[in-house]
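Colleague: Could you pick one part of this model and take me through it closely? I'd like the geometry and the residues, plus how far to trust it.

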Amino acid sequence: MTLFLEALIGGLLAGTMYSLVAIGFVLIFKASGVFNYAQGAMLLFSALTLVSLNEFGFPFWAALVMTIIITVIGAILIERIVLRPLANRNVMTLFMATLGLAYVIEGMAQGIMGAEIRGFDVGIEDLPIFWGDILISQFDLVAAAVAITMVAILALFFNKTRIGISLRAVADDTAAAQTLGININRIWQIVWAVAALTGLVAGMAWGARQGISFTLSLVVLKALPVLIIGGFTSIGGAIVAGLIVGASEALAETYIGVHIGGGIVTWVAYFVAIGFLFYRPSGLFGDIEIERV
Amino acid sequence: MTFNNLNINWGHAIAIAALFIVPMVATEYWMSVIVLPVLILALAGIGVNFLTGYAGQVTLGAGGFMAAGGYFMFAFAMHGDIRSFPLALLLAGLATAFVGVLFGIPSARIKGFYVMVTTLAAQFFLSWLFIKVPWFYNYNEVPNVTLPPMTLFGFDINDDPVVKYYFTLITVLALTWVATCIIRSPIGRNWMAIRDMDTAAGVIGINAIKYKIIAFAVSSFFIGIAGAFWCFIFLGTASVRSFTIERSFQILFIIIVGGMSSIRGNYIGAAFIFLLPILIDYLVKTFLGPILGGSLDSATLSNINKIIFGVLIIFFLIKEPEGIDKMVRDFTSRFKNRPLTVKQNKT
């Protein structure tokens, strides 16, 4: 029982990491219908920038502010150079454009800042704490707290600010939002910037956990099943699904993996996602599309 | 003038003839390291194009299915004791097609990006399987396999690179012809209908589920064969490391750059994607090398490669979404249509 609870809690907390990454996807998908494969590369880029600036001699807070500025400028450039010429193309074309974008960002990040693994110290000691008999990583608890805070901030942003409300209008019906005079290009720039900033937070959380290296940009592949389970359009869904994926990975590795050779975390999430799809083809909280000919 | 029944025009005939005389005029390096892999990648491109370009299901599992082709072929040769190269190849293709069907079944319920997750599942599950199940690599210490001596209608397939080249060339061309036939048959037409709008296709009576699963089967067959070629003709050994997710992306890029929904585009794309890094490598070393001095290492090169690749992908999607194939078509039609006249239908 202790083993079960330990695996479950560890998995749930690790799952908040997936949620953090997936939220960035959901933001962009909601507002522009783009499945942004480059989210992982953006995550890598922002985390690397932060660490490099920090190593360069800037204090942490100055480095953070500079990273935020660079990230926002990058998001605006992406909108201008890549997305605007591709407006109104089909979703697969946009997806593949973000694939290309991911290559460019990865190449630049590693070319400018180096490819070796960087340590990233946020000043939290990863001492395990015991809750009864169950061992919990303190670090995971902090990451979970960060995730919850970020979701709260995003919820406030979307529900209470003028920009947030126009974002939701665009997500709901792009054409109607445009006729009401909402500048859609501006909205895209904001959404990409916000997604990039959530990427920065996720990158910091992941980076502090396992160092910052190229593998960070591959977390997108893990975020995909999370999105599938939660639905592409729901932030709440991304969180719940992140927890489901985290927990099922940990439990599967503990109970099934040991019998069939281990290392099954590479594919368990996808099979869980396929299982969910059989019951909910649009994810748990996704919008069910009604198609008309 | 065209060979109408084979759908070959003069340009294609010249290209094919050129491929046939490669072993006579080119060095072995050019034949076995440049032309051969391009042919194999083009075949894999055709496989992905069935699924993505024609049936509209984006796949990121090509690497996994290529690995399946290689390891299945080894299993048939080693465990099944089938020593005829073509027969083992065919069986490997069919077995890969069967795996493709298994992973295609979820597409009955889902579409769009959601299909991508099943292909990713295939990619990661298959790579895991061929590492973790020792039967697939004959209980060796490392999960790499080499074929036992094989036969090919009395030719020497094991050592002679020229025989390997001709066998690959003929198989790839034959399969290309088959691919053209499939695309022009009702199956291909139905795929395109589903790609363009599956609801509408359903309304006119096309069984979308059936044709999607056929697409998975045919696509995996081609990709599996390409994988077996890649392992045992090009590299000489099968290893999961040659079929990571990067391979899946490479083949997806081949069809984006070459031209989705185009058979010829796969060849153009494969040549482009495979040769561009070699060219960049050469150019950077020749021109940037003296300027940068010793600071130019392989990591820098691969980063430069990545950036150029990414930019090209975006460029093609923005400027020429139908790929290089469309550019070639536009270019040749300029000459065909000279002097420019308004075409009138003869009645």
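Modeller: Helices here are DSSP runs of H or I with at least four residues, numbered from the N terminus. Keep in mind that this is a predicted model. Let's start with a loop in chain B, the one between helix 3 and helix 4, where D81(B) sits. D81(B) has a positive phi, about 60 degrees, even though it isn't a glycine. As for its surroundings, D81(B) has 9 other C-beta atoms within 10 Å, so it is exposed; the cut-off for that label is 12 or fewer.

Now for the two helices on either side. Packed helices are described by the angle between their axes and the distance between those axes. For helix 3 (residues 62-78) and helix 4 (residues 85-104) of chain B, the angle is about 130 degrees and the axes are 8 Å apart. That's why helix 3 of chain B and helix 4 of chain B count as oblique to each other: over 145 degrees would be roughly antiparallel, and 65 to 115 roughly perpendicular. The crossing of helix 3 and helix 4 of chain B is right-handed. On the helix 3 side of chain B, the contact uses F65(B), A68(B), G69(B), F72(B), M73(B), F76(B) and A77(B). Helix 4 of chain B brings A88(B), L89(B), L91(B), A92(B), G93(B), A95(B), T96(B), V99(B) and G100(B). By class, this contact of helix 3 with helix 4 of chain B has twelve nonpolar residues, four polar ones and no charged ones.

There's another positive phi to set beside D81(B): S261(B), at about 55 degrees and also not a glycine. S261(B) is in the loop between helix 10 and helix 11 (263-292) of chain B. S261(B) has 21 other C-beta atoms within 10 Å, so it is buried, the cut-off there being 20 or more.

Stepping out to the chain contact, 35 residues come from chain B and 37 from chain A. On the side of chain B that touches chain A, helix 5 (113-132), helix 8 (198-203), helix 10 (245-258) and helix 12 (298-319) of chain B each supply at least two residues. Helix 12 of chain B gives the largest share of that side, twelve residues. By class, the side of chain B that touches chain A has 27 nonpolar, five polar and three charged residues.

On trust, I can speak for chain A: its mean pLDDT is 83, with 96% of its residues at 70 or more.

Technical notes
Residues are numbered from 1 along each chain as its sequence is written. Chains are lettered from A and ligands numbered from 1 in the order in which they are written. This is a predicted model: local features need pLDDT of at least 70, side-chain atom pairs count only at pLDDT 80 or more; totals for chains, interfaces and linings use all residues. Two residues are in contact if their C-beta atoms, placed from the backbone, lie within 7 Å. Ala, Val, Leu, Ile, Met, Phe, Trp, Tyr, Cys and Pro count as nonpolar, Asp, Glu, Lys and Arg as charged, and the others, Gly among them, as polar. pLDDT is the predictor's confidence in each residue, from 0 to 100. Axes are lines fitted to C-alpha atoms, for helices over the stretch in contact, and angles run from 0 to 180 degrees between N-to-C directions. Angles under 35 degrees count as roughly parallel, over 145 as roughly antiparallel, 65 to 115 as roughly perpendicular and the rest as oblique. A crossing is left-handed if the near helix is turned anticlockwise from the far one by less than a right angle, and right-handed if clockwise.
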